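Here's a quick briefing to read with the model open beside you. Confidence comes up first, then the fold, the contacts and the pocket.

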Amino acid sequence: MELQETVTANPKQLETPKKKRLSSFDKKNGQLIWWIMLIPGLIFTLIFKYGPMFGIIISFQEFGLGSTSFFGNEWNGFDNFTYAFQLKAFGQSIKNTLIIAGSKVVLGIVVPLLLALLINEVGKKWFAKIVQTAYFLPFFLSWVILGGIFSQMFSYNGIINTMVEFFGHERILFLLDNNWFRTIVILSDVWKGMGYNMIIFLAAITGVDMSLHEAAEIDGANRLQRVWHITLPGILPTVALISTLSISGILNGNFDQVYILYNPMVYAGGDIIDTFIYRQIAENLDTGMGVSSAVGLMKSIIGGVLVGGTYYFAYKKFGYRIF
């Protein structure tokens, strides 16, 4: 009887409370401050990222050494693009870029992934930390430093040729041979950057549910089987993310590295799109800027298409979304 009177007296107590709709700019819930904190980054992006994109018009102009602004120059349509495609060095630079950058992208994912899987299986954690640090340290060294080191190592009288001669072979001009130059550029870049992706993969491995490993071990699965059927599928979204981000650099052969190591003797095998653009400006200030801008625009468009295609493939194949 008392309960009935209470319900009758307070009928609103039995009503389901309505969820309060939060506004994105609700001061009480602290959302406004986060939007304000985005403003400096947004301004910086608009000025230094989107602002320079206005210079794309150089690709369609006769922009030379005497040009002082983007206005008042003669428009030439797609002549800069046509001229670039007619250059033999441009076609060779595209081929070199695809070989060098493509190899870097593939090995830059496979090698760190294998290292992360191996280190994760190491029982001695102190040893695993030492190995991680050793692999990660080269990432902090610039190519200005590493370029001098590799130039000395692979020189005719360097330590590599000394070892080659010790084993009964003739000394090799590594940095003057097109095939050897590509190999050195690819492997040295993978060596330098493998520690970074390795750390990312190790972090992803720690997120795999350990109960799955315990259940598989009870069922009699060995370490290799657990890695193949549990660890790899568990970090597949991270691998897809790294692959998507890396594919955007398929036309970037790393200008710093190649420019420091290469020379005219290896233009045929080592000249990439970025070094081609640089040489066009350096060798011909009157027309080189327009041609270089046209090549850079084509490179950006192709890179954007590749990123979009890779992202779509990752979404359809693995159900992974970045946004």
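Confidence in this predicted protein model bottoms out in helix α1 (residues 2–9), with a mean pLDDT of 48, and peaks in helix α7 (residues 159–166), at 92. That score, pLDDT, is the predictor's confidence in each residue, on a scale from 0 to 100. Averaged over the protein, pLDDT comes to 83, and 87% of the residues reach at least 70. Where pLDDT is low, the predicted coordinates shouldn't be read in detail.

A word on the ground rules: since the model is predicted, local features need pLDDT of at least 70 and side-chain atom pairs count only at pLDDT 80 or more, while totals for chains, interfaces and linings use all residues. Residues are numbered from 1 along each chain as its sequence is written, and side-chain values use heavy atoms, with hydrogens and water left out.

**Fold and burial**

- The protein has 14 helices and zero strands; both are DSSP runs numbered from the N terminus, with helices being H or I of at least four residues and strands E of at least two.
- Reading along the sequence, you get α-α-α-α-α-α-α-α-α-α-α-α-α-α.
- Of the 323 residues in the protein, 34% count as buried (buried is under 20% relative accessible area, exposed is over 50% and partly exposed is in between, using a 1.4 Å probe and protein chains only).
- Gly290 sits in helix α14 and is buried, at a relative accessible area of 1%.
- Gly290 and Ile56 are 234 residues apart in sequence, yet their C-alpha atoms are 9.4 Å apart in space.

**Salt bridges**

- Searching the whole structure turns up five salt bridges, each defined as a side-chain nitrogen of Lys or Arg within 4 Å of a carboxyl oxygen of Asp or Glu.
- One of them joins Lys299 to Asp274, with the closest N and O atoms 2.4 Å apart.
- That pair links distant parts of the chain, 25 residues apart: Lys299 belongs to helix α14 (residues 288–318) and Asp274 to helix α13 (residues 273–283).
- Both ends of this bridge are buried: Lys299 has 14% relative accessibility, and Asp274 has 17%.
- Asp271 bridges to Arg279, again with closest N and O atoms 2.4 Å apart, and both Asp271 and Arg279 are buried.
- Arg171 pairs with Glu165, with 2.8 Å between the closest N and O atoms.
- Here both partners are partly exposed, with Arg171 at 22% relative accessible area and Glu165 at 44%.

**Aromatic contacts**

- The structure holds 22 aromatic pairs (rings of Phe, Tyr and Trp, taking the six-membered ring of Trp, with centres within 6.5 Å; planes under 30 degrees apart are stacked, over 60 edge-to-face and the rest tilted).
- Phe60 and Phe78 make an edge-to-face pair, 5.6 Å from centre to centre with 90 degrees between the planes.
- Phe60 and Phe78 both lie in the loop between α2 (31–50) and α3 (79–86), so their pairing ties together parts that are 18 residues apart in sequence.
- Phe60 is partly exposed at 21% relative accessibility, whereas Phe78 is exposed at 58%.
- Phe136 and Phe139 are stacked, with centres 5.7 Å apart and planes 10 degrees apart.
- Both rings belong to partly exposed residues, Phe136 at 22% relative accessible area and Phe139 at 33%.
- Trp143, Phe150, Phe154, Phe174, Trp180 and Trp191 come together as one aromatic cluster.

**Largest pocket**

- The largest pocket has a volume of about 590 Å³.
- Its lining has 22 residues, and the closest to the centre are Lys104, Asp189, Gly193, Asn197 and Ser246.
- For the record, a pocket is an open set of points on a 1 Å grid over the protein atoms alone, where a 1.4 Å probe fits and protein lies on both sides within 12 Å along at least five of seven lines; lining residues have an atom within 4 Å of a point.
- The volume is the space filled by probe spheres set on the points, which are joined across faces, edges and corners.
- Helices α4 (88–120), α8 (178–206) and α10 (223–247) each supply at least two lining residues, and α8 gives the most, with seven.
- By class, the lining has ten nonpolar, nine polar and three charged residues (nonpolar is Ala, Val, Leu, Ile, Met, Phe, Trp, Tyr, Cys and Pro; charged is Asp, Glu, Lys and Arg; the others, Gly among them, are polar).
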